Structure formats: structure tokens, C-alpha cells
Amino acid sequence: MHYCLKLKEERCGRPKVIIVDDENPMSEDKVKEVLKDKTKKEKKAPPPGPHSKKLIKVSDDSGTCKMEKVAEGEIDQDQLDPADVFIVDLEKSIYVWLGDNASPEEKKNGMAYAHTYVSKTDRPLRSISVVYQRRAHNCYAEMKA
């Protein structure tokens, strides 16, 4: 009780003191209402929307690296060009596919472009994996599923 009086004095009488004991019990709803954080705003999750597989090409053919959507829905392994880097969005995970003949600039910027792409979606916490053309067996299996 002394602590409450001291606190009330330090804060110019603004705190409200409520004494709860056996003679004056407090309901569970009232306890939750008193103890909840009034400054914290509840964040609503984005509505789940229809998600489909996407294939995005990262290319520097024009002189600067840029992203271009190549396909949506069904993605086939034949759509991947060894001369470029692709971001393969497979709904649950994302792959940065590095073609064998891609330029060093494309390879260097692939992960950065994938991160930018994922951060703009409604599911920004998905994993991103970098796979090389000759070692992308898991990526190819997920594309077919």
C-alpha cells in the first residue's frame, strides 16, 4: 500500500488505486480489462488471398537489372533460361534460380531482388533459397507439384 501511495504522489495523483481482496473480489473479465495494454494496437492479419506460382526473370539485357514477370500459375522447367536469373515463387517458398550462363551482375543481384519481391507480398516471411541450374532438383520437384 505504501508503494501505491508513493507512486500516486510521484505522478500527481493520476494513478487510480483499486484494492482487491477476499472481501472485495474482482471478476476475471474486470482483471483482463484493467491489465490490458491500452497503447498497443492489435494488428490484423492480411486476408488470405488466392496465391499462385509465379516466375519472375531478373535480367540485365537492357543495361540495368530489372524484374519481369514471365509466367503465373503453371510453371515449367523449360521456361527457365540458362542465360538469366529467375525468382521462382512456389507459394510456400521462394527460389532464386541461377542459370549457368547468367551474368555476374544478375547473379549478384538475384537475392536482393528476391528479398524486395517478397517484402512487397502479403507473406513477407517466406524462406528464400538460392539454387544453381544444375543443382535445382528440389525446386524442379516443387514446380511440378
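**Contacts, cores and a hairpin**

Colleague: Which residues does V88 touch, not counting residues up to four places away in sequence?

Modeller: Touching means contact, with heavy atoms within 4.5 Å. With residues up to four places away in sequence left out, V88 touches K54, L55, L80, S93, I94, Y95, W97, C139 and M143.

Colleague: What kind of model is this?

Modeller: Residues are numbered from 1 along each chain as its sequence is written, and side-chain values use heavy atoms, with hydrogens and water left out. Local features need pLDDT of at least 70, side-chain atom pairs count only at pLDDT 80 or more, and totals for chains, interfaces and linings use all residues; this is a predicted model.

Colleague: Which element gives the most to the largest nonpolar core?

Modeller: A nonpolar core is a set of buried Ala, Val, Leu, Ile, Met, Phe, Trp, Tyr and Cys residues joined through side-chain atoms within 4.5 Å; buried means under 20% relative accessible area, exposed over 50% and partly exposed in between, with a 1.4 Å probe and protein chains only. The largest core has 14 residues, of which L55, L80, V88, W97, C139 and M143 touch the most other members. Two or more residues come from each of β3 (85-89), β4 (93-98) and α4 (137-144), these names being DSSP runs numbered from the N terminus, helices H or I of at least four residues and strands E of at least two. With three residues, the element that gives the most is α4.

Colleague: How many residues are in the other core, the one with I56?

Modeller: This core lies apart from the largest one. I56, I87, L98 and A102 are among its members, and the count is 11 residues.

Colleague: Is Y95 buried or exposed?

Modeller: Y95 is found in strand β4. Because its relative accessibility is 9%, Y95 counts as buried.

Colleague: With which side chain does the side chain of Y95 make a polar contact?

Modeller: A polar contact is a pair of N or O atoms within 3.5 Å; within protein, one must be able to donate a hydrogen and the other to accept it, and residues adjacent in sequence count only if both atoms are side-chain atoms. At 2.6 Å, the partner of the Y95 side chain is that of E142.

Colleague: What is the bridge partner of V58 in β2?

Modeller: Two strands pair if DSSP finds at least two bridges between them. Strands β1 (residues 54-59) and β2 (residues 66-72) have six, in the antiparallel sense. In β2, the bridge partner of V58 is M67.
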